[in-house]
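Q: Could you walk me through reading a few features here, beginning with charged pairs?

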Amino acid sequence: MLLVALVVLSIMVGKFDVSFRDLITVLWARLWGASHDLPPVIDTVIFQIRMPRVAAALVVGAALSAAGATYQSLFRNPLASPDILGVSAGAGLGAVLGIALALPVGAIQMMAFVFGLATVFAVYLISRAVRGHDPILVLVLAGVVMGALAGACISLLKYLADPYDELPAITFWLLGSLNAVSREEVMVTLIIVAVGMIPLGLLRWRMNIMSLGDEEARALGVNTGLMQLLFIGAATLITAAAVSISGVIGWVGLMIPHIARLLVGPDFSRLLPMSMLLGAAYLLCIDDIARTFAEIEIPLGILTALLGAPFFLWLLARSKRGWQ
Amino acid sequence: MTLAVHQLAFGYPDHRVGNNLSLAINPGEVLCFLGPNGCGKTTLFKTMLRLLKAQDGNITIDDEDIGRWPQQRVARTLSYVPQQHDAYFPFTVMEVVLMGRGAHIGLFASPSHRDYDIAWQALHNLKIEHLRDAVYTHISGGERQLTLIARALAQQTKLVIMDEPTANLDFGNQVLVLNAIKRLAHSGITIIMSSHDPDHAFHVASRVAMLKDGRLTGLGKPDEIITQESLRELYGVEVDVVEFDTVAAHAAKVCVPKID
């Protein structure tokens with residue numbers, strides 16, 4: 001309910017204000033294929049600009065939160081976020097490379113998606129190659145290392161980039177924005193995210209057993225290798241899809257699953273839907289603030305951290321049933 | 001169901017812990033492993049559970065090599081009560097016990113009413129129904145241990161392996177857990193366990209296996225095996241094994257260490 005109200009409000013607010021009555025009129029007309037007597041610019045604002053953007057915020061927020069919840073449960077680590085295995089760093093490198101090569105927007109997003117997946121795949125291969133250690137530990141460490149490598153490459157490209165043209169674009173991308181999202185891009189992302197959600201949804205109860213750790217899960221009869229592959233694959237896919245249209249938006253995937261866990265407990269069957277719901281609502285609010293608060297758009301990554309971090313601290317300080 | 005170990009070599013890929021170990025566990029017995037820290041009890045258990053690969057030799061259940069069994073079949077035959085349990089997430093006791101049903105329900109399924117009934121029965125058998133909605137990370141060590149035993153019960157296996165079920169528990173909780181082990185044994189479950197306290201072997205074990213440096217140094221009834229000499233050899237300390245008559249008029253033995 002709250003989410004629906006938020007969506008309606010989000011479509012209305014912005015540089016060009018749309019009144020509630022206008023919105024209803026336009027929607028009504030669209031629904032019945034009739035015409036209305038409002039200026040056509042309202043149509044454009046609602047269907048071409050606001051709706052894709054609102055949809056993108058919902059999808060990206062839900063995707064990042066779902067991936068965060070997955071990694072936190074799988075790695076039993078409160079600091080796990082969607083980019084723990086280097087997907088954001090890899091996607092960032094792909095995008096920055098695309099910007100440096102002056103590629104069109106669609107190609108930049110494609111580069112981000114492919115580089116994000118490739119980075120995690122490399123991390124996974126490394127963890128398979130290193131034997132005789134706790135597999136999860138090796139995986140996370142490999143993720144940190146690959147993330148650092150990608151980060152170094154990004155820094156190099158930024159250093160070499162044209163400071164008047166490319167550098168602002170790179171910086172803006174790395175801080176996250178839903179500024180230039182088109183309807184088609186949202187649809188593609190939505191489909192990829194939906195595909196990635198399938199294994200997470202089907203295996204929701206198995207995840208509880210996986211969160212006990214590798215050895216105990218195996219003693220309880222779970223094929224942990226296969227589960228890990230499926231969970232990591234799914235979470236990486238949806239993160240890469242989200243990051244490729246939104247840029248790097250931190251904090252959402254780290255914080256939202258925590259809050260969801262405070263509300264419904266650690267059972268993944270309830271944690272996953274609650275995380276997605278909260279994540280979608282949260283990013284929508286953040287995006288509304290980003291485009292209404294100041295004359296220029298504020299990058300989302302800045303807002304999620306500025307608003308999220310203090311709220312998160314406050315929550316941790318007063319909660320009893322969260323992590324432990 | 002008879003579990004047997006044949007000329008087993010066990011350990012970690014880069015570090016062998018034990019060699020050439022053979023023994024058979026009789027159906028319905030409580031076999032208690034005794035031995036100093038690092039003697040290989042936990043490693044042996046993990047090998048039996050196939051969490052570690054047997055480096056040589058094999059493990060059979062009813063003369064069938066379990067080396068190639070799928071993990072699910074192992075988990076339907078053997079359950080595991082791990083030693084120290086790091087709890088990460090605040091699951092409720094019921095949720096933890098339900099996880100024992102993992103080997104029985106479909107890959108994409110969640111626990112059914114029947115699974116809830118089985119989990120509830122497990123809580124009932126251990127007399128911890130009142131903990132059902134308690135948060136696992138907030139209960140005492142003894143209660144956690146009982147919860148993990150309940151989870152093994154919900155797994156409905158003929159064999160249960162318990163790694164030091166009484167470790168880090170206060171005296172009252174130790175008795176609670178020992179009683180639970182006795183009850184399980186009476187219901188026909190075979191129990192393989194380890195303990196740091198030879199007295200616990202006197203209380204619950206039908207046989208004792210002594211393990212030192214990955215080798216079996218003694219195997220037999222507690223009365224025959226736990227002696228001044230064997231304890232000296234095993235732990236390197238002087239101990240008196242004293243027999244006395246209790247009020248209930250059955251003989252009991254305790255180990256009394258000599259302290260200067």
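A: Happily! A salt bridge is a side-chain nitrogen of Lys or Arg within 4 Å of a carboxyl oxygen of Asp or Glu. Before we apply that, note that this is a predicted model, where local features need pLDDT of at least 70 and side-chain atom pairs count only at pLDDT 80 or more, while totals for chains, interfaces and linings use all residues. Residues are numbered from 1 along each chain as its sequence is written, chains are lettered from A and ligands numbered from 1 in the order in which they are written, and side-chain values use heavy atoms, with hydrogens and water left out.

Q: What joins the side chains of Lys253(B) and Asp223(B)?
A: Side chains of opposite charge can pair when their charged atoms come close. Here Lys253(B) and Asp223(B) form a salt bridge, at 3.8 Å from N to O. Helices (H or I, at least four residues) and strands (E, at least two) are DSSP runs, numbered from the N terminus. Lys253(B) belongs to strand S12 (residues 251-257) of chain B and Asp223(B) to helix H8 (residues 222-225) of chain B, so the pair ties together parts that are 30 residues apart in sequence.

Q: Are Lys253(B) and Asp223(B) buried, exposed or partly exposed?
A: Buried means under 20% relative accessible area, exposed over 50%, and partly exposed in between, using a 1.4 Å probe and protein chains only. Lys253(B) has 18% relative accessibility, so it counts as buried. Asp223(B) has 49%, so it counts as partly exposed.

Q: How many salt bridges are there over all chains, and which residues are joined into one network?
A: The count comes to 17 over all chains. Let's take Arg53(A), which is buried at 8% relative accessible area. Its side chain meets that of Asp287(A) in a salt bridge of 2.8 Å, N to O. Asp287(A) sits in helix H13 (residues 268-292) of chain A and Arg53(A) in helix H3 of chain A, so this pair ties together parts that are 234 residues apart in sequence. Arg53(A) also forms a salt bridge with Glu297(A), where the closest N and O atoms are 2.7 Å apart. Glu297(A) is in the loop between H13 and helix H14 (300-318) of chain A, so its pairing with Arg53(A) in helix H3 links parts that are 244 residues apart in sequence. Glu297(A) is buried, with a relative accessible area of 19%. Salt bridges that share partners join Arg53(A), Asp287(A), Asp288(A), Arg291(A) and Glu297(A) into one network.

Q: Now for aromatic rings: how many pairs does a search of the whole structure find?
A: A pair of aromatic rings is described by the distance of the centres and the angle of the planes. Rings of Phe, Tyr and Trp (its six-membered ring) pair if their centres lie within 6.5 Å; planes under 30 degrees apart count as stacked, over 60 as edge-to-face and the rest as tilted. The search finds three aromatic pairs over all chains. In one of them, Tyr71(A) and Phe75(A) have ring centres 5.5 Å apart and planes at 10°, so the pair is stacked. These two are four residues apart in helix H3 (residues 40-75) of chain A, and are therefore separated by about one helical turn. Both Tyr71(A) and Phe75(A) are buried. For Phe33(B) and Phe45(B), the centres are 5.5 Å apart and the planes at 80°, so the pair is edge-to-face. Phe33(B) lies in strand S3 (residues 30-34) of chain B and Phe45(B) in helix H1 (residues 41-48) of chain B, so the pair ties together parts that are 12 residues apart in sequence. Phe33(B) is buried, at 0% relative accessible area, and Phe45(B) is buried, at 0%.

Q: Let's turn to single residues: where is Glu238(B) found, and with which residues is Glu238(B) in contact?
A: Glu238(B) is in the loop between helix H9 (228-235) and strand S11 (239-245) of chain B. Contact means heavy atoms within 4.5 Å. Apart from neighbours within four places in sequence, Glu238(B) is in contact with Gln228(B), Arg232(B), Pro257(B) and Lys258(B). With a relative accessible area of 34%, Glu238(B) is partly exposed.

Q: And where is Gln228(A) found?
A: Gln228(A) is in helix H11 (residues 224-246) of chain A. At 4% relative accessibility, Gln228(A) counts as buried. Leaving aside neighbours within four places in sequence, its contacts include Leu74(A), Arg128(A) and Asp214(A).
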